[in-house]
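Colleague: I'm new to reading structures, and the vocabulary trips me up. Could you walk me through why residues get the labels they get?

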Amino acid sequence: MVDLGSVAERLDKNHYETDEKQSHIEVNQDLVRTTGAGPLLVRICAAHVYSLHDDGTIGVLYAACLECGTCLAVAPPGALTWHYPRSGMGVTYREG
Ligand code: SF4
């Protein structure tokens, strides 16, 4: 059987051009906190973009985003504002 490496090892082969001036993910923290959506977002993201704070809000490490759109699909309406990174930025896949 071929050893493909761990998910983390494979993700590490991607290239990321980070937009230092603008996040492509914005969070309505009040809505996330009141709906309790934080744990779901943390669990659903394969790239570990989201982290849960003690007060129910979430941190966003947008530079690691794989642009899969899953978080937007599962988040309560209005909780996230998401768009692709500006032209030429974001993830470039190197493997699978
Ligand atoms: Fe994570 Fe995908 Fe959402 Fe990016 S688009 S934050 S990789 S779930």
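Modeller: Sure, let's take a few labels one by one. Keep in mind that this is a predicted model.

Colleague: What makes the overall layout, in terms of helices and strands?

Modeller: The chain has four helices and six strands. Reading from the N terminus, they come in the order α-β-β-α-α-β-β-α-β-β.

Colleague: Why is Val60 called partly exposed?

Modeller: Count its neighbours: Val60 has 19 C-beta neighbours inside 10 Å. Buried needs 20 or more, and exposed means 12 or fewer. With 19, Val60 falls in between, so it counts as partly exposed.

Colleague: And where does Val60 sit, and what is it in contact with?

Modeller: Val60 belongs to strand β4, which covers residues 58-60. Setting aside neighbours within four places in sequence, its contacts are Ser23, Ile25, Val27, Val49 and Tyr50.

Colleague: Why is His48 called exposed?

Modeller: Same kind of counting. His48 has 11 other C-beta atoms within 10 Å, and the cut-off for exposed is 12 or fewer. So His48 is exposed. You'll find His48 in the loop between α3 (38-44) and β3 (50-52).

Colleague: What is the phi of His48?

Modeller: It's near 55 degrees, a positive value in a residue other than glycine. Glu67 is another case: its phi is positive too, about 60 degrees, and Glu67 is not a glycine either.

Colleague: Is Glu67 exposed or partly exposed?

Modeller: Glu67 has 14 C-beta neighbours inside 10 Å, so it counts as partly exposed. Glu67 lies in the loop between β4 and α4 (70-74).

Colleague: How do you know which residues are around the ligand?

Modeller: A residue makes the list if its C-beta atom lies within 6 Å of the ligand. The list includes Cys45, Val49, Glu67 and Thr70.

Colleague: By class, how many residues in that shell are nonpolar, polar and charged?

Modeller: Eight are nonpolar, two polar and one charged. Glu67 is in the shell, and because Glu counts as charged, Glu67 goes in that class.

Colleague: Cys45 is in that shell. What does Cys45 touch?

Modeller: Not counting residues up to four places away in sequence, Cys45 touches Tyr50, Thr70 and Cys71. Cys45 also belongs to the largest nonpolar core, which has 15 residues. Leu41, Cys45, Ala75 and Ala79 touch the most other members there.

Colleague: How do you know Cys45 is buried, then?

Modeller: Through its membership: Cys45 is in a nonpolar core, and a nonpolar core is a set of buried residues, so Cys45 must be buried. Across the chain, buried residues make up 19% of the 96 residues.

Notes: Residues are numbered from 1 along each chain as its sequence is written. This is a predicted model: local features need pLDDT of at least 70, side-chain atom pairs count only at pLDDT 80 or more; totals for chains, interfaces and linings use all residues. Helices (H or I, at least four residues) and strands (E, at least two) are DSSP runs, numbered from the N terminus. Two residues are in contact if their C-beta atoms, placed from the backbone, lie within 7 Å. A nonpolar core is a set of buried Ala, Val, Leu, Ile, Met, Phe, Trp, Tyr and Cys residues joined through C-beta atoms within 7 Å.
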